[in-house]
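Here are my notes on the structure you sent over, as numbered points. Have the model open while you read, and shout if anything looks off on your side.

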Amino acid sequence: MRTHVRCGTLFGAGDREARSGQTLVYDSGGIVEFAGPTEQAPRAAPADPVLDYSRQFVMPGLIDVHVHLAYGNAKSEEDIDLYSPLEFRALRGLFFAQKVLAAGYTALCSPGDAGQVSLSIRNAVRAGLFDGPRISAAGPYITARQSLTDWYPSWIGAPSTSIGRLVTSRDEAIEEIRVQAKNGVDCVKIALDGIQRRPDGSLIAAFTEEETCAMVREIQRLGRKAVVHAIGREATLYAARAGVDLIFHAFDLDDECIDAVLAGRSAIAPTLTFQRNIMEFTRPNEPAALNGRVDHVRRQYERACRNLAKAHKAGVPMMAGTDTGFAVTPYGEWHARELEIFVNDLGFTPVDALVAATRTNAGFLADGERLGRLDPGCPADFIAIDGSPIDNISILLDRSRIHAVHLGGKRMALPERDWDPRQVTDAALSNWSDVYTQARVAELRRERPLPKAAE
């Protein structure tokens, strides 16, 4: 039995063309047999289902290469690392993975989580126990003292439930890579810089170039993809010279970095959605505003757009990811904003952005050579949209326009289920956002009257 899909417009991503009057045909196993003009399509047998998407734009399912399934829409690093047991994080992550799928994203990469949370979600979905997107998963970040994820004071150390695995030597790093490969990860993530800077303001690479090359060689020798967090110039250059598969961010790259990225055949996933949402959503009374983070991120965003637009123009492959899993990037909500940013701020055409979020992203995923396009022999992972994202890329942010989501040919019908952040995410013991000295209280009372206790 075959299923025939009548498409208003079909964008297969394989040849970058959007064509009207097309039909997609896939077999009972959910594998595409035909994609092309309706008049050339195999004739439908009497028992064959025919799906009428003749008023919709049909395209491969979208892919997000930066979704942290274990974070739980966290408001703080402590929310990510400390308060929820790993078992709950896995169950919560599965729930949120379905939110991503319902938004039209049929595949994702979860690049760095505590324990084996993302691996467990991936395995449960692959085994058919639950509906969910196709998942490529990493284990904990490989972390050093100057890395992202080593947030806590040295007298506390790195908690065992942290998203990072702190290593103190090259041998420890290699051993951790081998353990993660044994556990079945699809990729290994190195936290190549963090938040520590030199007096001149430049970010410090957490590992030397030699250490980075040794880790990347071992990751790739074991048949896994190497991915790094690198915002600063130094870390980006080390990553590119080591030939990593994917660099997240690369905001401070320069011409030397661009040349190294091209020579090393690496790709970059800017993940600017996180920064843009921090700028736009943070309220004045929130810590991120009070500690100057919003102003810092605004300057960083402007610099990143200039540098990354130059890299895109030079031919650096770019993938679309969002750093989903934080309070400002909740699951299922803002994934397509990265494509909007690609078009508005990095010089992509809408077609370029769609290709980045399908065929290009697929190249990083496990078994990705058959994903991200609707050619014969590929899984029938596709979405039907009311309207054309080529005419307006922003319509992909409108969930009401996602008419249908198919994974392996099967139409996904995931129930809408509300959730309470106070039960799911907010486990920190914070009670106040200010320190109420007499001077501070007097200042607040000038701004607005404060309620007084009943006498």
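**Notes on the fold, the sheet and the pockets**

1. Starting with contacts: of those in the protein chain with a separation of 6 or more, 69% are between residues 24 or more positions apart. Keep in mind that this is a predicted model. Buried residues come to 53% of the 455 in the chain.

2. On the overall build, the chain has 14 helices and 18 strands. Its radius of gyration is 23 Å, close to the 23 Å from the globule rule for 455 residues, so the chain is as compact as a globular protein of that length. If you want a box for the C-alpha atoms, it is roughly 80 × 65 × 40 Å along the principal axes.

3. Now the sheet. It is an open one of 7 strands with mixed pairing, in the order S3-S2-S1-S4-S16-S17-S18. S3 and strand S18 (410-411) are the edge strands, each with a single partner, so one side of each has no neighbour in the sheet. As a reminder, strands of a sheet pair through backbone hydrogen bonds, either parallel or antiparallel.

4. The N-terminal strands are worth a look one pair at a time. Strand S1 (residues 2-11) and strand S2 (residues 18-27) run antiparallel and are joined by 9 bridges, with Val5 opposite Leu24 in S2. Their hairpin has 6 residues between the strands, and Ala13 there takes a positive phi near 70°. S2 then pairs with strand S3 (residues 32-37), again in the antiparallel sense, over 5 bridges; here Thr23 stands opposite Gly36. The S2 and S3 hairpin has 4 residues between its strands, and Gly30 in the turn has a positive phi of about 80°.

5. Further along the sheet, S4 meets strand S16 (residues 382-385) in an antiparallel pairing over 4 bridges. Pro60 has Phe382 in S16 as its bridge partner.

6. What does Gln56 touch, beyond residues up to four places away in sequence? Gln56 sits in strand S4 (residues 50-60). Its contacts are Cys7, Gly8, Thr9, Ala384, Ile385, Asp386 and His403. Cys7, Gly8 and Thr9 fall within S1 (residues 2-11), while Ala384 and Ile385 fall within S16 (residues 382-385). The relative accessibility of Gln56 is 9%, so it counts as buried, the cut-off being under 20%.

7. Helix H11 (residues 337-345) is another buried spot: Arg337, Glu338, Leu339, Glu340, Ile341 and Phe342 are all buried. The buried residues of H11 pack against strand S5 (62-64), strand S6 (105-110), H8, H10 and helix H12 (350-362). After H11 comes Gly347, which has a positive phi near 85°.

8. Which residues lie nearest the centre of the largest pocket? They are Lys75, Ser76, Glu77, Ala288 and Arg293, out of 49 that line it. Helix H1 (77-81), strand S11 (193-197), helix H8 (272-281), helix H9 (287-290) and helix H10 (293-314) are the elements that give two or more residues to this lining. The space in the pocket is about 1,800 Å³. If you're setting charges there, the lining has 21 nonpolar, 17 polar and 11 charged residues. Note that H8 and H10 turn up here and also in the packing against H11.

9. The second largest pocket has a volume of about 330 Å³. It is lined by 17 residues, with Arg126, Pro133, Arg134, Ile135 and Asp367 closest to the centre. Helix H3 (117-126) and strand S7 (134-137) each supply at least two of the lining residues. By class, the lining divides into 9 nonpolar, 3 polar and 5 charged.

10. Last one: is Asp186 buried or exposed? Asp186 is in the loop between helix H4 (170-183) and strand S10 (187-191), and its relative accessibility is 15%, so it counts as buried. Setting aside neighbours within four places in sequence, Asp186 contacts Arg122, Arg126, Ile135, Ser136, Ala137, Arg224, Lys225 and Ala366. Two of these, Arg126 and Ile135, are also among the residues closest to the centre of the second largest pocket. For a sense of distance, the C-alpha atoms of Asp186 and Val32 are separated by 25 Å, with their positions 154 residues apart along the chain.

Definitions and conventions: Residues are numbered from 1 along each chain as its sequence is written. This is a predicted model: local features need pLDDT of at least 70, side-chain atom pairs count only at pLDDT 80 or more; totals for chains, interfaces and linings use all residues. Side-chain values use heavy atoms; hydrogens and water are left out. On a 1 Å grid over the protein atoms alone, a cavity is a set of points where a 1.4 Å probe fits but cannot get out, and a pocket is an open set with protein on both sides within 12 Å along at least five of seven lines; lining residues have an atom within 4 Å of a point. Grid points are joined across faces, edges and corners, and a volume is the space filled by probe spheres set on the points. Ala, Val, Leu, Ile, Met, Phe, Trp, Tyr, Cys and Pro count as nonpolar, Asp, Glu, Lys and Arg as charged, and the others, Gly among them, as polar. Two strands pair if DSSP finds at least two bridges between them. The radius of gyration is taken over C-alpha atoms; the globule rule is 2.2 Å times the number of residues to the power 0.38. Buried means under 20% relative accessible area, exposed over 50%, partly exposed in between (1.4 Å probe, protein chains only). Contact means heavy atoms within 4.5 Å.
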